[in-house]
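Walk through this model with the structure open beside the text. The route goes from charged pairs to the nonpolar interior and ends at a pocket.

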Amino acid sequence: MKILAFESSCDETAVAVVEDGRRILSNAIASQVDIHALYGGVVPEIASRKHVEVIAALTEQALREAGCTRRDIDAVAATYAPGLIGAVLVGLSFAKSVAYALQVPLIPVHHVRGHIAANYLAFPELEPPFLALAISGGNTLIVDVRDYTDLRILGATRDDAAGECFDKAARVLGLPYPGGGPMDKLAQGSRGGVYKLPHAQVDGAELDMSFSGLKTAVVNLGHHAQQVGEELDRAALARDFAQAVSDELVPRAMKAAALAGRTVIAAAGGVAANSIIRADLERACEKQGCQLYLPPLKLCGDNAAMIGAQGYYEYLAGHTAGMDLNAYATMDISD
């Protein structure tokens, strides 16, 4: 089964063709990073307009690279939640028109479910049940993947997402947007242990997280250094910040796995590309006797192949939609 998939939840326009939920035939992405870097973050209106400008040509590119014609497409999948609402609407509306024109099923896909499904593309042997640590710019979740379409949140951030905090910390350090990659590179120049940063606990919810205090602490360090004329140890702060984020994520993921009785753990999302978090997960899984799946870096960020992968399993579960399908800025992964 060949699925033409669309992803436009933020600032990446992406179109892919995926076969049987496991094989990438094409995975075309049009990035807007250079545009939004000028503003230090994503400007929703600009993102939506750029999606409109490139999505048709990108679709033709994805079909061409897959060696497919329109007649080869069996279904269309698209992100319908969550994300920047204008951006999501562009991809979903285009996907609707394609599904209607080709007279094939339309499959709605939750963006974070797609991130988790990126692991199915990288690891053909991976099957539920397993525990997923989904960490990105907009979401930070610990998810019990009971089956391909039966997912339950065990823990979540109460405020900022981990990826958002990386971007804010990167700005304090004078690094470009998006901050995850530059922060990771800078952190390699230090062993850390210079800055004491806060580690939050949520009373009554041991698996939940909070990153707002960590973000504020880095901002305050930057302001204080500027006011007194001191130089920050930028590499050390990048390292200590990444370690503080990892210390929030990894122990909770391991505890959630133990509580849920899972011995397989998969990471997902853009922050899963961070080398410190990946290394900590590897050590923790080895110690606890868990099998770990870390998606390749090219599948950590937003892409449409992951939407096609999850779309296949949503289709098998009978989850299709009509032309009245709406887009949503927020939605629980369990819905």
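Lys50 and Glu53 form a salt bridge, with their closest N and O atoms 3.2 Å apart. The model is a predicted one. Both residues sit in helix 2, which spans residues 44–66. They are three residues apart, so about one helical turn separates them. How accessible is Lys50? Lys50 is partly exposed, at a relative accessible area of 27%. Glu53 is exposed, with 54% relative accessibility, because the cut-off for exposed is over 50%.

Helix 2 also takes part in another pair. Arg70 forms a salt bridge with Glu60, and here the closest N and O atoms are 2.5 Å apart. This pair links distant parts of the chain, 10 residues apart. Glu60 belongs to helix 2, while Arg70 lies in the loop between helix 2 and strand 4 (75–81). Arg70 is partly exposed at 48% relative accessibility. Glu60 is partly exposed too, at 34%.

Now turn to a pair with a much wider sequence gap: Asp144 and Arg262 are 118 residues apart. Their salt bridge brings the closest N and O atoms to 2.8 Å. Asp144 is in strand 7 (residues 140–147). Arg262 is in the loop between helix 8 (234–260) and strand 9 (264–268). Are these two residues buried or exposed? Asp144 is buried, at 5% relative accessibility. Arg262 is buried as well, with a relative accessible area of 18%. That value counts as buried because the cut-off is under 20%.

Salt bridges can also join up. Asp160, Glu164, Lys168 and Lys215 are linked in a network of them. Across the whole structure, a search finds 16 salt bridges.

Next comes the nonpolar interior. The largest nonpolar core holds 50 residues. Which members touch the most others? They are Met183, Leu197, Phe241 and Val245. Several elements each supply at least two residues of this core. Among them are strand 6 (130–135), helix 5 (162–172), helix 6 (180–187) and helix 7 (212–228). Helix 8, strand 9 and helix 9 (275–288) do so too. The largest share, 14 residues, comes from helix 8.

Val245 gives a close view of this core. It lies in helix 8. Val245 is buried, with a relative accessible area of 0%. Set aside its neighbours within four places in sequence, and Val245 is in contact with Ala162, Phe166, Phe211, Leu214 and Ile277. Another core lies apart from the largest one. That core has 39 residues, including Val109, Ala118, Phe123 and Tyr148. Back at Val245, one more distance is worth tracing. Val245 and Met209 are 36 residues apart in sequence, and their C-alpha atoms are 9.9 Å apart in space.

The last stop is a pocket. The second largest pocket has a volume of about 160 Å³. Which residues line the second largest pocket? They are Val172, Val219, Gly222, His223, Ala225, Gln226, Gly229, Glu230 and Leu232. Helix 7 supplies the largest share of this lining, five residues. By type, the lining divides into four nonpolar residues, four polar and one charged. Glu230 is one of the lining residues, and Glu counts as charged.

Note on methods
Residues numbered from 1 in each chain as written. Predicted model: local features only at pLDDT ≥ 70, side-chain atom pairs only at ≥ 80, totals over all residues. Heavy atoms only, no water. Salt bridge = Lys/Arg side-chain N within 4 Å of Asp/Glu carboxyl O. Helix = DSSP H or I, 4+ residues; strand = E, 2+ residues; numbered from the N terminus. Buried < 20%, exposed > 50% of the residue type's maximum accessible area, 1.4 Å probe, protein only. Core = buried A, V, L, I, M, F, W, Y, C linked by side-chain atoms within 4.5 Å. Contact = heavy atoms within 4.5 Å. 1 Å grid on protein atoms, 1.4 Å probe; cavity = no way out; pocket = protein on both sides within 12 Å on 5 of 7 lines; lining within 4 Å. Points joined across faces, edges and corners; volume = space filled by probe spheres on them.
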